[in-house]
Amino acid sequence: RMKTRRQFIKISAVGAGVAALGLHSLKVKGLSLFGEDSAEEPVSDEEMTATPTYCEVCFWKCAAWTYVDKKGRLRKIIGNKNDPHSNGRLCPRGTGGVGMYNDEDRLKTPLIRVTRKDGSQYFRKATWDEALDKVAGKMQEVADKYGKEAFGLFNHGTPGGHLEHLMRAYGSETNAEPAYAQCRGPRSAAYYATYGAYIGSPECTDIRDTKCLVLIGSHIGENMHNSQVQEMSHAIDQKATIITVDPRFSTAASKAQFWLPIKPSTDIALIMAWIHVLIYEDIYNKDYVKKYTFGFDRLKEHVKDMTPEWAYGITTIEPNLIRKTAREMAGFAPAVVIHPGRHVVWYGDDSQRERALGILTALLGAWGKRGSLYLPEAKAIPHFPQPPYPKPKWNWKDLLEGRFPLASMGITTEIMKASIPRYKYKHQIKAWLVGGTNLPISMPDKPLLKEAIEAVEFIAVMDTMPMEVTGFADVVLPETTYLERYDFIRAAQNRIPSVALRMPAVSPKYDSKPAWWIVKQIGERLGLHAYFNYDDYSEVLDWQFKQIGTSLEEMKKIGVKKFPRVNGPLYLGDDEDYEFNTNTGKIELYSTEFADAGFDPIPVYKPHPEPPQNFYRLIYGRAPMHTFSRTINNHNLWDLMKENSVWVNPVVADLWGLKNDEKVWLKNQDGAITDFPVKVRVTERIRWDSVYMVHGFGHSDKKLSRAYGRGASDEKMITHYAQDPIMGGTGMRVNFVTFLKENPEKNREEAKA
Ligand SMILES: Nc1nc2c(c(=O)[nH]1)N[C@H]1C(S)=C(S)[C@@H](COP(=O)(O)OP(=O)(O)OC[C@H]3O[C@@H](n4cnc5c(=O)[nH]c(N)nc54)[C@H](O)[C@@H]3O)O[C@H]1N2
Ligand SMILES: Nc1nc2c(c(=O)[nH]1)N[C@H]1C(S)=C(S)[C@@H](COP(=O)(O)OP(=O)(O)OC[C@H]3O[C@@H](n4cnc5c(=O)[nH]c(N)nc54)[C@H](O)[C@@H]3O)O[C@H]1N2
Ligand code: SF4
Ligand SMILES: [Mo]
């Protein structure tokens with residue numbers, strides 16, 4: 001076996017004796033619902049101190065109150081009633097957020113990779129000074145030897161935001177996050193091309209007031225984005241019609257009047273057929289189309305033959321059902337939400353599918369209208385005084401040399417390729433900073449990631465947990481959890497602008513530090529004091545709050561503050577003049593931007609490869625009680641769901657002789673096998689041509705004492721991806737798996753013997 005330069009180090013190897021002991025004694029307590037000692041005496045709210053925060057268990061950023069009892073113990077987190085993201089209620093994950101803080105497996109001290117004489121490697125505990133010196137020293141070295149641009153950044157969430165500030169102050173914009181090219185990127189490219197606007201987060205979907213909610217893949221109810229779930233249940237109470245398109249009978253499908261169990265990968269054909277029906281049955285909004293859109297005649301000609309009968313042959317959805325659902329939408333227009341989805345990297349033609357959704361919305365005269373997509377607004381927060389960021393000589397975009405021309409953010413796989421000399425990129429990346437992203441679980445194509453990890457000279461990872469990604473670090477920086485720190489002001493868009501404060505409810509456990517402090521220390525070592533001109537982050541917050549007419553003191557009492565809209569009303573008025581930020585100033589049914597860049601200006605359905613014999617398409621999604629891989633070890637949430645299962649249609653189960661709860665290994669088309677076996681769930685709720693799994697399980701790091709070895713990881717099966725040529729998104733539903741009923745390890749051992 002080839003010797004690797006950067007071996008994966010299981011953090012359990014650190015101070016083995018102590019860790020093992022600590023683990024045993026803490027584990028029992030860790031299983032009680034709210035962690036340490038909380039099963040004790042009940043305590044009333046009046047006896048506790050409430051401090052404001054916003055949740056970091058996912059990216060909806062719900063504002064909340066954390067309650068700490070007289071002994072300084074965190075007892076509960078509840079939603080802030082004044083918050084438009086949560087309306088006073090958190091989802092199960094947010095409620096269980098205390099488990100992030102209480103997790104005894106947390107990173108406890110900085111760690112530095114050491115190579116022994118025999119070549120083996122381990123992490124040694126380090127002081128903060130040692131760890132920070134090491135990171136700053138390497139940043140200086142890269143700047144001197146290769147230029148600052150050669151230091152890359154992978155990030156997600158608020159911790160990533162702090163790292164981004166550091167990197168921009170230093171002089172690098174060589175950054176990317178899986179939350180773009182592995183998530184919502186195609187949506188951004190498509191809606192920007194069509195409407196000159198982004199959907200944003202929280203999505204500007206007016207589900208609260210809709211009469212018809214169309215979910216194409218979006219599985220709200222399993223995807224637990226808080227206010228969307230709340231609004232959907234309100235819409236159901238109001239008897240809104242729900243149309244779901246999903247190869248799986250999702251939770252949303254179980255609440256819907258219409259379930260279209262589409263053949264995976266064929267959605268563009270269905271959407272174009274809907275467009276055909278609207279146009280050729282003359283039930284689209286003519287006034288709206290005439291006033292606001294560009295390219296209608298070309299669209300009409302383009303979809304002439306895209307009849308429901310044509311789509312039936314592709315999607316397996318009955319022509320009558322296609323017609324009926326199109327008429328439903330037209331009947332309720334404009335109060336129809338065509339949900340744009342969020343994790344939209346499916347098959348590599350995702351920007352085109354997203355365009356098709358945008359076009360459908362326009363034909364219904366719905367964009368900007370009550371019950372469809374509203375016009376969101378966020379509060380602008382002034383930047384704390386600092387010099388302008390230096391301008392790098394090159395950035396993530398220059399790496400592309402014209403490829404993926406409509407990418408609006410860095411592309412993770414491109415940053416990786418640019419880190420590997422044999423790809424001969426014009427610019428080479430030599431070192432990485434990583435924060436708030438677990439690349440080995442969120443990236444497709446493990447070999448590429450591995451090769452890139454091997455190739456770079458240095459990796460520093462800032463995390464709260466010993467996740468797969470920390471195992472590849474040269475320096476590990478243990479961050480506090482969100483409950484123990486100040487952070488950026490949350491000023492995300494919504495119906496009305498609001499701001500929310502996150503402040504420490506408890507002091508940091510172990511030797512962990514907040515991201516703002518970590519980047520300030522590194523920045524100062526690099527002489528970048530001017531970008532970190534404060535002793536404590538509360539000074540930045542107070543200054544910013546004062547600029548917008550409040551203060552840290554007031555915000556500590558209220559947590560959330562709402563502001564009046566200043567950019568006009570929530571909805572487009574009847575017949576109101578409106579200039580869209582596109583080339584033509586109109587909603588582009590025909591995209592001049594796509595055409596100029598050499599792409600189909602109107603979406604075209606193109607077939608995708610089918611599973612080989614005895615293989616099934618692997619599709620995946622979310623479970624209500626977990627966020628990706630990040631919560632599996634959280635004892636509160638682990639209690640609710642400990643492992644995933646693989647959903648198999650009864651016909652397939654029969655064929656393979658699979659029983660419910662039987663454990664199998666999965667093998668994909670490239671021979672990759674899951675690390676652990678996974679339980680079979682035999683169910684009519686999935687088509688026979690596909691299998692389904694919840695993402696985030698099958699952790700391979702033993703230090704995650706609860707998550708380790710539970711279930712299987714979808715990502716291990718995603719060795720292949722289809723890249724969107726428009727913006728670089730990696731379509732990940734293009735892998736096929738088959739079942740292994742015997743332990744593959746046993747076979748391998750037998751083969752060796
Ligand atoms: N509880 C929880 N909620 C979350 C998250 C979480 O980790 N946990 N993550 C958040 C994040 S970052 C994101 S991006 C969102 C993602 O949430 P969504 O955008 O809603 O999810 P998708 O992954 O696009 O959709 C998953 C659904 O697509 C279906 N599907 C698979 N293939 C096809 C196909 O070819 N056609 C159609 N029509 N459907 C198909 C699957 O069966 C599944 O029901 O969820 C967010 N909400
Ligand atoms: N196979 C497959 N791949 C996917 C997906 C999928 O469904 N299947 N989903 C895709 C989607 S939609 C997205 S958005 C991306 C998300 O992928 P990532 O960006 O990797 O997101 P997370 O899983 O949320 O990031 C988890 C990391 O952040 C750490 N973390 C949590 N809280 C904190 C904190 O407060 N501070 C610090 N410093 N670190 C923290 C966790 O311990 C963990 O290591 O993955 C994408 N990749
Ligand atoms: S939706 Fe749930 S996990 Fe996400 S921020 Fe809100 S409460 Fe937290
Ligand atoms: Mo995402």
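Below are four short exercises on a predicted model, each with a worked solution.

Residues are numbered from 1 along each chain as its sequence is written, with chains lettered from A and ligands numbered from 1 in the order in which they are written. Local features need pLDDT of at least 70 and side-chain atom pairs count only at pLDDT 80 or more, while totals for chains, interfaces and linings use all residues; side-chain values use heavy atoms, with hydrogens and water left out.

**Exercise 1.** Work out where pLDDT stays under 50.

Solution. Start with the chain: its average pLDDT (the predictor's confidence in each residue, from 0 to 100) is 93, and 94% of the residues score at least 70. Next, look at residues 12-39, where pLDDT stays under 50. The model still has 37 contacts (heavy atoms within 4.5 Å) for that stretch beyond four places in sequence. Where pLDDT is low, though, the predicted coordinates should not be read in detail.

**Exercise 2.** Find which residues come nearest to ligand 1, then pick out polar contacts.

Solution. There are 31 residues around ligand 1 (near means a heavy atom within 4 Å), and Asp246, Asp267, His343, Tyr347 and His626 come nearest. Now go through nitrogen atoms of ligand 1, taking pairs of N or O atoms within 3.5 Å as polar contacts. One is 2.6 Å from a polar backbone atom of His626. The side chain of Asn223 puts an N or O atom 2.9 Å from a ligand nitrogen, and a polar side-chain atom of Arg93 lies 3.3 Å from one. Finally, the area: ligand 1 alone exposes 920 Å² (Shrake-Rupley, 1.4 Å probe), and the protein buries 99% of that.

**Exercise 3.** Do likewise for ligand 2, using its oxygen atoms.

Solution. Of 30 surrounding residues, His156, Asn438, Asp463, Glu479 and Arg630 come nearest. The Asp463 side chain has an N or O atom 2.5 Å from a ligand oxygen. For Thr437, a polar side-chain atom is 2.9 Å from an oxygen of ligand 2. With Gly436 a polar backbone atom is involved, at 3.1 Å. Ligand 2 on its own exposes 930 Å², of which the protein buries 97%.

**Exercise 4.** Sort the shell around ligand 3 by class.

Solution. List the neighbours, among them Cys55, Cys58, Cys62, Cys91 and Arg93. Then apply the classes: Ala, Val, Leu, Ile, Met, Phe, Trp, Tyr, Cys and Pro are nonpolar, Asp, Glu, Lys and Arg charged, and the others polar. That gives eight nonpolar, two polar and two charged residues.

Conventions. A polar contact is a pair of N or O atoms within 3.5 Å; within protein, one must be able to donate a hydrogen and the other to accept it, and residues adjacent in sequence count only if both atoms are side-chain atoms.
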